[in-house]
Amino acid sequence: MKAIKQVLATIILSILALSLNAQNTISVKNQKLVSPLVSKWVSEYKNVNPGLKIEEAHKNNSNPDIELIITDQPDSLLYGKDVFYVVKYALLPIVSKNYIYTENLEKEKYNKKKLREIFFEKDLLDEDDSKPSKLAERFTVYSGNRKESVASVFAAHFGYPANTLRGTKIAGDDIFLLNAINKDNTGVTFNSLSYLYDLSTRQLKSDIKLLPLDIKKEYREVLESSTIDDVLTLVENEDLDLIPIQKIGFVINSSAATKPEVKDFIKWVLTEGQQYNHDYGFLRLSRDIQLAQIRQIESKYLTLNK
């Protein structure tokens, strides 16, 4: 009998230890685009919470505590799960430095109509779009085709589904789009600022150039000659309709909905963590969005914990 009690006691202690360990662990399913920034958040948060273990969930893990969503998703629910937005990214169109029609590029300023003409298939039912596009003929479009690609965000911004993007779809991470246009002197694509700029020098990467947008001269000068920090500040403070911007959010899975560690980590990202966004090429959230997300997570957790 004594031996049985000892075994039971050992089992109970093991269960309690596992439970306590689970309460001090957060699993995060990351995305390539934002991975360096998330790693920074994690390292800085662990510095002030040394007893907490934050681990990256494996790709085949279908039930991490929190998961990043980087494409265009509804603002409230995703398959019944709440989304808490923590950062934003901006997209710019680019060509290679060896683009063959540079003379034409320098003469033109690209508005929404021209960008649609370059990047998207023509609507054959639209009589105004029935003629071949001479502008489009000067460009070979490259875009991503993975679920995590920013292609759907870019397309939606201009009023199209991603499958209407012209040209060649590139497999793998969107960083490979830069390689594609550098092998094609007619290539054009779009990408996140975090991929377009050298984050150490803060300058636009030397093998690409921006497609000149039809915006105010002073704004265009910032895009053409400034550091990524100036560009991020511009995009955060001005409403530039030609530059797609998308929020990135954490989705909390139901199994982690009552873990206070998850709530506390996301609240920290929404406040203290914002100071690191620019370093990695991402926009900070406005104060209004920060407060709205904090209220949302507090309301959700208060409801769950009653």
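1. A salt bridge, as the term is used here, is a side-chain nitrogen of Lys or Arg lying within 4 Å of a carboxyl oxygen of Asp or Glu. With that rule in hand, one may note that E108, K114 and R138 are linked in a network of salt bridges. The model under discussion is a predicted one.

2. As to the general architecture, the protein has 306 residues, of which 47% count as buried. Its secondary structure comprises 11 helices and 10 strands. Among the contacts with a separation of 6 or more, 80% are accounted for by residues 24 or more positions apart. The accessible surface amounts to about 16100 Å², and 51% of that area belongs to carbon and sulfur atoms.

3. The salt bridges deserve a separate remark. Side chains of opposite charge can pair when their charged atoms come close. Under the rule stated in the opening point, the count for this model is 11 salt bridges. Three of the pairs are described below.

4. The pair K114 and E108 belongs to the network that also includes R138. The side chains of K114 and E108 meet in a salt bridge with an N to O distance of 3.3 Å. How do the two partners stand with respect to burial, given the relative accessibility of E108 and the relative accessible area of K114? E108 has 18% relative accessibility and therefore counts as buried, since buried means under 20%. K114, with a relative accessible area of 25%, is partly exposed.

5. A salt bridge also joins R146 and E148, whose closest N and O atoms are 3.5 Å apart. R146 has a relative accessibility of 37% and so counts as partly exposed. E148 is likewise partly exposed, its relative accessible area being 22%.

6. R202 and D229 form a further salt bridge, in which the closest N and O atoms are 2.9 Å apart. Which parts of the chain does this pair link? R202 lies in the loop between α7 (193-196) and β9 (208-210), while D229 lies in helix α9 (residues 228-237). The two residues are 27 residues apart, and the pair links distant parts of the chain. R202 is buried, with a relative accessible area of 14%. D229, at 25% relative accessibility, counts as partly exposed.

7. In reading the structure, the reader may wish to begin with two places. One is the network of E108, K114 and R138; the other is the salt bridge between R202 in its loop and D229 in helix α9.

Terms used. Residues numbered from 1 in each chain as written. Predicted model: local features only at pLDDT ≥ 70, side-chain atom pairs only at ≥ 80, totals over all residues. Heavy atoms only, no water. Helix = DSSP H or I, 4+ residues; strand = E, 2+ residues; numbered from the N terminus. Buried < 20%, exposed > 50% of the residue type's maximum accessible area, 1.4 Å probe, protein only. Contact = heavy atoms within 4.5 Å. Areas by Shrake-Rupley, 256 points an atom, 1.4 Å probe, with all protein chains shown as cover.
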